[in-house]
Amino acid sequence: MDNNLNATYITLDGYVEVDKYRYLYFMIMFTAYILILCSNSTIVSLIVIHKNLHEPMYVFIAALLLNSVLLSTCLYPKMLTDVLSEKQIISYSACLFQWYAYYCVAFSENLLLAVMAYDRYVSICKPLQYPTIMRKSKICIFLVLAWLLPACVFTVPVSLSADAKLCKFTFKGIICGSAVIKLHCERSRAVYLYGFFVIGSLDILPVVFILFTYTRILLISYRSSREVRRKGVQTCLPNLLILINFTCSMGFEVILARLNIDFPQTVRLIMTLQVILYSPLFNPIVYGLKMKEIYKHIKRLLCADKMV
């Protein structure tokens, strides 16, 4: 690329031997994208269609799965184009937008998991007050905040990075994230310090709240009847599995952006693929199999297809 192109575009250097495995990359990503769209959309549609699933817990599950569709739609079309291209490049402005969209959707998942933990806490620990506390108006407020807060929070670092001068034009990854600040000639102190606020408010605090809430649920369930214990484990386990996956994935993103550790290219690719493949595919499987009411409707749908 000439100097004029370098001033505007950056190279995505995260693929391992893309020339050799170009079509393998494409088939894996395309298949995964279709599976993500179909599996998540199916469960969301079932929740919308069936009135017995119009409860707060299922509404939040639908929002979480919708997040997986949005996240995949933000990332997969560009990646599919990249693996078929001779050069994997992206304009700096498009890279910043991808960073913004990726983090907004990803961290809203963390907030949705926190809301789901609160919902389960009220349901199990305060069952008589549940209809009063979890009203439709409060559910709408929770959903709006879960999507709106990350959108507002990430406007600041992306806006501050828009005018930054680039001294490096090779990004070690396949998806633009906060590590793009490593391309700047001078790292903005404001962006760096603001990053700690983001990590604290959208990552650490929700995780601490979720762990505290589920600990309370399990302690109360343990002292209660066998049925309550079963309900507590059944509702907490899927959310904890999703939380562990999210925390590990985003923790790696934070390490990449904050620490000067040069991970091997293969390790970077595997961790990135875990974010874009594992979580969006894992969520519908967990909630489809572990949530009894959703599983019933999926089973009926599959049986109806077989009969037809």
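# A walk through the helices and salt bridges

Lys78 and Asp82 sit together in helix α3, 4 residues apart, or about one turn of the helix. Good morning, everyone. I'd like to start with that pair and then wander outwards. One thing to keep in mind throughout: what you have on the screen is a predicted model.

So, Lys78 and Asp82. These two side chains form a salt bridge, and their closest N and O atoms are 2.4 Å apart. Are the two partners buried or exposed? Lys78 is partly exposed, because its relative accessibility is 24% and the buried class stops under 20%. Asp82, on the other hand, is buried, with a relative accessible area of 2%.

How many salt bridges does a search of the whole structure find? The answer is 4. I'll show you two others from that search.

Please scroll to the beginning of the chain. Arg22 forms a salt bridge with Asp19, and here the closest N and O atoms are 2.7 Å apart. Arg22 counts as buried, at 14% relative accessibility. Asp19 is exposed, with a relative accessible area of 59%.

Now jump to helix α11, which covers residues 292–307. Glu293 and Lys296 form a salt bridge there, with the closest N and O atoms 3.5 Å apart. They are 3 residues apart in the helix, so about one helical turn separates them. Glu293 is partly exposed, at a relative accessible area of 25%, and Lys296 is partly exposed too, at 35%.

Let's go back to helix α3 and look at how it packs. Helix α3 spans residues 56–84, and its axis comes within 10 Å of the axis of α4, the two crossing at roughly 165 degrees. How do α3 and α4 run relative to each other, parallel or antiparallel? They are roughly antiparallel, because an angle over 145 degrees falls in that class. The crossing of α3 past α4 is left-handed.

There is another helix pair to show you. Helix α7, residues 155–162, packs against helix α8, residues 189–223, at an angle of about 165 degrees, and their axes are 10 Å apart. That makes α7 roughly antiparallel to α8. The crossing of α7 and α8 is left-handed.

Next, some pairs of residues and the distances between them. Ile124 lies in helix α4, which runs over residues 92–125. Ile124 is buried, with a relative accessible area of 9%. If you draw a line from Ile124 to Thr235, C-alpha to C-alpha, you get 9.6 Å, although the two are 111 residues apart in sequence.

Pro280 gives us another such pair. You will find Pro280 in helix α10, residues 265–290, where it counts as buried at 2% relative accessibility. Its partner for this comparison is Leu35: Pro280 and Leu35 are 245 residues apart in sequence, yet 9.3 Å apart in space, again C-alpha to C-alpha.

And how far apart in space are Asp13 and Lys292? Their C-alpha atoms are 44 Å apart, with their positions 279 residues apart in sequence. Asp13 is in the loop between β1 and α2, and it is partly exposed, with a relative accessible area of 38%.

While we are in that loop, have a look at Glu17. Glu17 also sits between β1, residues 9–12, and α2, residues 22–49. What catches my eye is the backbone: phi of Glu17 is near 50 degrees, a positive value in a residue other than glycine. For background, most residues other than glycine have a negative phi. Glu17 is partly exposed, with a relative accessible area of 46%.

My last stop is on the surface. Leu218, Val233, Leu237 and Leu241 form a nonpolar patch there, and together they have about 290 Å² of accessible area. Which helix gives the most to this patch? It is helix α9, residues 226–258, with 3 residues. Val233 is in helix α9, and it is partly exposed, with a relative accessible area of 47%. That value puts Val233 over the 30% needed to join a patch.

That's my tour. If you want to replay it at your desk, begin where I did, with Lys78 and Asp82 in helix α3, and end at the nonpolar patch on the surface. Thanks for listening, and I'm happy to take questions.

Terms used:
Residues are numbered from 1 along each chain as its sequence is written. This is a predicted model: local features need pLDDT of at least 70, side-chain atom pairs count only at pLDDT 80 or more; totals for chains, interfaces and linings use all residues. Side-chain values use heavy atoms; hydrogens and water are left out. Patches are made of residues with over 30% relative accessible area and no salt bridge: like charges are joined within 9 Å, nonpolar side chains (Val, Leu, Ile, Met, Phe, Trp, Tyr) within 5 Å. Accessible areas come from the Shrake-Rupley method with a 1.4 Å probe; for residues, only the protein chains shown count as cover. Buried means under 20% relative accessible area, exposed over 50%, partly exposed in between (1.4 Å probe, protein chains only). Axes are lines fitted to C-alpha atoms, for helices over the stretch in contact, and angles run from 0 to 180 degrees between N-to-C directions. Angles under 35 degrees count as roughly parallel, over 145 as roughly antiparallel, 65 to 115 as roughly perpendicular and the rest as oblique. A crossing is left-handed if the near helix is turned anticlockwise from the far one by less than a right angle, and right-handed if clockwise.
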